[in-house]
Amino acid sequence: MRSVFLGWRVVAAAFLALFVAFGAMYAFAAFFAELEREFSASRADVSLVFSLAGFLYFAVGAVSGTLADRAGTRPVVMAGFVLLAAGLLLAARAESLRAVYLFYGLGVGLGVGFVYVPALAAVQRWFDRRRGLASGFTVAGIGAGTLAMPPLAGLLIAQAGWRDTYLLLAGLVLVLGAIATAMLEHSPEQRGLPRDGRPTPAVQPPAGLGLREALRSRPFWLLYLAGVCTSFGMFIPFVHLAPYAIDQGLSERFGVLLVGLVGLGSMIGRFALGGTADRIGRRWGVGLMFSGMAAMLLLWLAASGQLALIVFAVLFGTFYGGYVALIPALTADYFGSYRVAGIIGCLYTGVGIGTLFGPTLAGLAFDLAGSYTIPITAGVIANLAALTCIAVIEEPGRFRAGQA
């Protein structure tokens, strides 16, 4: 075991952290119909629960990433798990949808935000040459959590009800979150080790731009705009795929399973595409993910039967997972690892904007028109706009050379 590079233990810890945090987050699909019935709410109103949490966990990344850069990864991540568990506990006692907005949106949103960026950024510090592969393995935890937790939550809801299921999820979050936090290591420099586990005569300090320098650069704002655009359509399936399946005459359990299949596809994308992009170039790898998500949203427009929806869920998840795997590594390619957590966190505030408005506006469109055609089409156009941003951005090597 001594011959195994410690960075891979950090990858395993971050995988578990993201499995727990996002598994609890994306289990929301199993609660959608329950909340709709419990509070006699519209789809737009219920969608806003997820959108608020999603906006917060992306928006707070700018804060949690900077805190992790300065105070270390472990205390920030553990605080995130405590907030997440508290949000679930309080949501279980909510007597109105507004209380769910407050407890779930605030607790889960802040909790995931304090886990996500610091854990992900820790992995970037441990790797250079194999950064894409390591990121892919790490964020596969999101896919695994999305695959496992919504169906599990659905089974628990059928047996114990949605309130007790939130209580059970809170306990699971605290136990597994503590294990993941204990395994995390902030950086190889703190251990006197080189990145990638390669033997070197001296350990080099982390290099790269500071947050203020990154914020003044053209690549940062093109990546930011791309994140805003793609996120408008990216999170609509996580909220509305299960209700859409019910509208097609399919079972509620099958609808929840489809969200799990998005998680399965995202695991494929994260494992397979992270290492591939290390070889072909991560910039155009991200562009390929935008193209794929646009194509799959077009497929969703025509899908109605079980097979078509299964194909959509798996393939959309694959391209979504590839994007999530590659964007942190591409960020480190442009700006280095010196302040990578804070930079990633600021970039993710753009994704938070799309997460806030995309699922909620999709629910409003359905409430008004009885169809998801307009929001899905808008998601296609938004992903093509994100692809345009990637097409006009300069290569990381050329940008870094200009900064030298």
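The following paragraphs describe the overall form of a predicted model and then a number of its individual residues.

The model is predicted, and local features are accepted only at pLDDT of at least 70 and side-chain atom pairs only at pLDDT 80 or more, whereas totals for chains, interfaces and linings use all residues. Residues are numbered from 1 along each chain as its sequence is written, and side-chain values use heavy atoms, with hydrogens and water left out.

The secondary structure of the chain consists of 17 helices and 0 strands, where helices (H or I, at least four residues) and strands (E, at least two) are DSSP runs numbered from the N terminus. The C-alpha atoms occupy a box of roughly 65 × 40 × 35 Å along the principal axes. For 404 residues, a compact globule would be expected to have a radius of gyration near 22 Å, and the 20 Å computed for the chain agrees with this; the radius is taken over C-alpha atoms, and the globule rule is 2.2 Å times the number of residues to the power 0.38. Of the 404 residues, 61% are buried, a term that denotes under 20% relative accessible area, with exposed meaning over 50% and partly exposed in between (1.4 Å probe, protein chains only).

Among contacts in the chain with a separation of 6 or more, 87% are between residues 24 or more positions apart, a contact being defined by heavy atoms within 4.5 Å. The chain exposes about 14800 Å², of which carbon and sulfur atoms supply 66%; accessible areas were obtained by the Shrake-Rupley method with a 1.4 Å probe, and for residues only the protein chains shown count as cover. The chain carries 27 positive and 19 negative charges, whose mean positions are 10 Å apart. In this count Lys and Arg are positive and Asp and Glu negative, while His and the chain ends are not counted, and each charge is placed at NZ of Lys, CZ of Arg, CG of Asp or CD of Glu.

A search of the whole structure for disulfides returned 0, a disulfide being a pair of cysteine sulfur atoms within 2.5 Å. For Cys 229, the closest cysteine sulfur is that of Cys 389, at 5.4 Å, which is too far for a bond. Cys 389 is likewise in no disulfide, its nearest cysteine sulfur being that of Cys 229. Cys 229 is buried, with 14% relative accessibility, and Cys 389 is also buried, with a value of 7%.

Towards the start of the chain, helix α2 is largely enclosed by the rest of the structure, because 8 of its 11 residues are buried. These buried residues are Phe 28, Ala 29, Ala 30, Phe 31, Phe 32, Ala 33, Glu 34 and Leu 35. The loop between α2 (28-38) and α3 (43-59) contains Ser 40, which is exposed at 69% relative accessibility. Although Ser 40 is not a glycine, its phi is positive, at about 50°; most residues other than glycine have a negative phi.

Phe 103, in helix α6 (residues 97-126), is partly exposed, with a relative accessible area of 25%. When neighbours within four places in sequence are set aside, Phe 103 is in contact with Gly 87, Leu 90, Ala 91, Ala 94 and Val 108. The C-alpha atoms of Phe 103 and Arg 93 are separated by 9.4 Å, with these positions 10 residues apart along the chain as counted by their numbering. Ala 178, which belongs to helix α8 (residues 162-183), is partly exposed as well, with a relative accessible area of 35%. Ala 178 and Asp 333, 155 residues apart in sequence, have C-alpha atoms 31 Å apart in space.

Ser 231 is located in helix α10 (residues 218-234) and is buried, with a relative accessible area of 0%. Beyond its neighbours within four places in sequence, Ser 231 is in contact with Gly 350, Val 351, Gly 354 and Thr 355. Helix α11 (residues 236-247) holds Tyr 244, which is buried, with a relative accessible area of 9%. Leaving aside neighbours within four places in sequence, the contacts of Tyr 244 are Trp 300, Ala 303, Leu 309 and Tyr 372. Tyr 244 and Met 296 are 52 residues apart along the chain, and their C-alpha atoms are separated by 15 Å.
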